[in-house]
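User: I'm new to reading protein models. Could you walk me through some features, one at a time?

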Amino acid sequence: MPSEISNAVFCAAVILGVVYGSRILEKTWPIAEVSGDEFRADWLAVIVSVGLEHLFAPLAAISAGAIASYAGLGWIKLPTEGYWWFVSFAIVVVALDLYKYTFHRLQHAVPFLWAMHSFHHSANGITFITGGRHFWLERVLSDAFLPIIAILFRIPPDMAIAAAFIFFLPDACAHLNVRIPLGRFVTWINNPQWHRIHHSVQIEHRDKNFAAFFPLLDILFGTAWVPKPGEYPATGLVPPERADIINSIIWPIRHLRHGESKNELG
């Protein structure tokens, strides 16, 4: 028990350190000014999302377990001896990135999924914390019905941890409100400028730059918009939307009730 408590304290300290450090960077080299109200709205949405995700996590686990039990786990056993570990790790990273890219495109193409995913895009000011601003039911449903990676690959724990860590920088940090001029390297790895195009209010940027890790996927599948130097568009939905605590819980119901479509939401 003491070791579990110390691990929890350590993890909490790391998370707080990352959040605080990102806030310092965003105040020092901001892409755009984000109001205090917008920043607090992001925090509120994340708290609601994480809380409800954990509340329904046991149900999602039961569903995922039933699907995995029927389909079988680890169809492909990747070699992990010696240098083969790194080869297998690269395969897992590419497969996971392709899965994230595909699911992200579906979130924009399928009205039912967009009704939920539009909550993430409703953030008018993009900051590091926006990366966790998702409608709570998205994660519950994806965890419950899409255990695809677990079915395909038998991944050892150390490799799973390494994959989660390596995706943190390009995926979670892509929402940083920090100018990071990468020049010609902007297409090498997901970054704040590349992903900001995805959140842009401009019509020409719609359904562009889906990649979580490798922008190469966007280039291969025709969804890439290579930003010009200094191209940092305004973000959010069209028309702008604000999410209070009630909308954080019932967002899709509210929008479906008003008959709003993706075209109306940006």
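User: Let's start with the aromatic rings. Which residues form one aromatic cluster?

Analyst: Keep in mind that this is a predicted model. The cluster brings together Phe 56, Phe 119, Phe 135, Trp 136 and Trp 251. Across the structure there are 13 aromatic pairs.

User: How do I read a single pair, say Tyr 101 and Phe 221?

Analyst: Look at two things, the distance between the ring centres and the angle between the ring planes; planes under 30 degrees apart count as stacked. For Tyr 101 and Phe 221 the centres are 5.4 Å apart and the planes are at 25 degrees, so this pair is stacked. Now find the two partners along the chain: Tyr 101 belongs to helix α3, while Phe 221 is in the loop between α9 and α10, so the pair ties together parts 120 residues apart in sequence.

User: Are those two rings buried or exposed?

Analyst: For that you read relative accessibility, where under 20% is buried and over 50% is exposed. Tyr 101 has 3%, so Tyr 101 is buried. Phe 221 comes out at 45%, which makes Phe 221 partly exposed.

User: What about the pair of Phe 167 and Phe 213: what angle lies between the planes?

Analyst: The angle is 70 degrees, with 5.2 Å from centre to centre, and the pair is edge-to-face. Phe 167 sits in helix α7 and Phe 213 in the loop between α8 and α9, so this pair also links distant parts of the chain, 46 residues apart. Both Phe 167 and Phe 213 are buried.

User: Can rings have charged neighbours too? Which charged residue sits over the ring of Phe 167?

Analyst: That's Lys 100, whose charged end sits 5.6 Å from the centre of the Phe 167 ring. There is also Arg 133, which lies over the face of Phe 119, at 5.1 Å from the ring centre. You've met Phe 119 already, in the aromatic cluster.

User: Phe 167 is in helix α7. How do I check the length of a helix, and how far apart are the ends of α7?

Analyst: Count the residues and use 1.5 Å for each step. The 16 residues of α7, 157–172, should span 22 Å, and the end C-alpha atoms are 21 Å apart, which agrees.

User: Which residues of α7 are buried?

Analyst: Here's the general idea first. An α-helix has 3.6 residues a turn, so residues three or four places apart point the same way. In α7, the buried residues are Met 159, Ala 163, Phe 167 and Pro 170. They pack against α3.

User: Speaking of α3, how do I describe the way α3 and α4 cross?

Analyst: Draw an axis through each helix and read the angle; 65 to 115 degrees counts as roughly perpendicular. The axes of α3 and α4 come within 6 Å and cross at roughly 100 degrees. α3 and α4 are therefore roughly perpendicular to each other. Residues making the contact include Phe 103 and His 104 of α3, with Trp 114 and His 117 among those of α4.

User: And α4 with α5: at what angle do those axes cross?

Analyst: They cross at roughly 135 degrees and come within 8 Å. That makes α4 oblique to α5. On the α4 side the contact is made by Phe 112, Met 116 and His 117, and on the α5 side by Leu 137, Glu 138 and Leu 141.

User: Let me zoom in on Ser 142. Where does Ser 142 lie, and what is Ser 142 in contact with?

Analyst: Ser 142 lies in helix α5. With 12% relative accessibility, Ser 142 counts as buried. Once you set aside neighbours within four places in sequence, Ser 142 is in contact with Phe 103 and Pro 147.

User: Last topic, the backbone. Which residues have a positive phi without being glycine?

Analyst: Asp 207 is one of them, with phi near 60 degrees, and Asn 209 is another, at about 55 degrees. Asp 207 is in the loop between α8 and α9, and so is Asn 209. Their burial is worth a look as well: Asp 207, at 28% relative accessibility, counts as partly exposed, whereas Asn 209, at 0%, is buried.

User: Which peptide bond is cis?

Analyst: Look at omega. The bond from Val 238 to Pro 239 is cis, with omega near -5 degrees. You'll find Pro 239 in the loop between α9 and α10.

Definitions and conventions:
Residues are numbered from 1 along each chain as its sequence is written. This is a predicted model: local features need pLDDT of at least 70, side-chain atom pairs count only at pLDDT 80 or more; totals for chains, interfaces and linings use all residues. Side-chain values use heavy atoms; hydrogens and water are left out. Helices (H or I, at least four residues) and strands (E, at least two) are DSSP runs, numbered from the N terminus. The expected span of a helix is 1.5 Å times one less than its number of residues. Buried means under 20% relative accessible area, exposed over 50%, partly exposed in between (1.4 Å probe, protein chains only). Contact means heavy atoms within 4.5 Å. Rings of Phe, Tyr and Trp (its six-membered ring) pair if their centres lie within 6.5 Å; planes under 30 degrees apart count as stacked, over 60 as edge-to-face and the rest as tilted. A charge sits over a ring if NZ of Lys or CZ of Arg is within 6 Å of the ring centre and within 35 degrees of the ring normal. Axes are lines fitted to C-alpha atoms, for helices over the stretch in contact, and angles run from 0 to 180 degrees between N-to-C directions. Angles under 35 degrees count as roughly parallel, over 145 as roughly antiparallel, 65 to 115 as roughly perpendicular and the rest as oblique.
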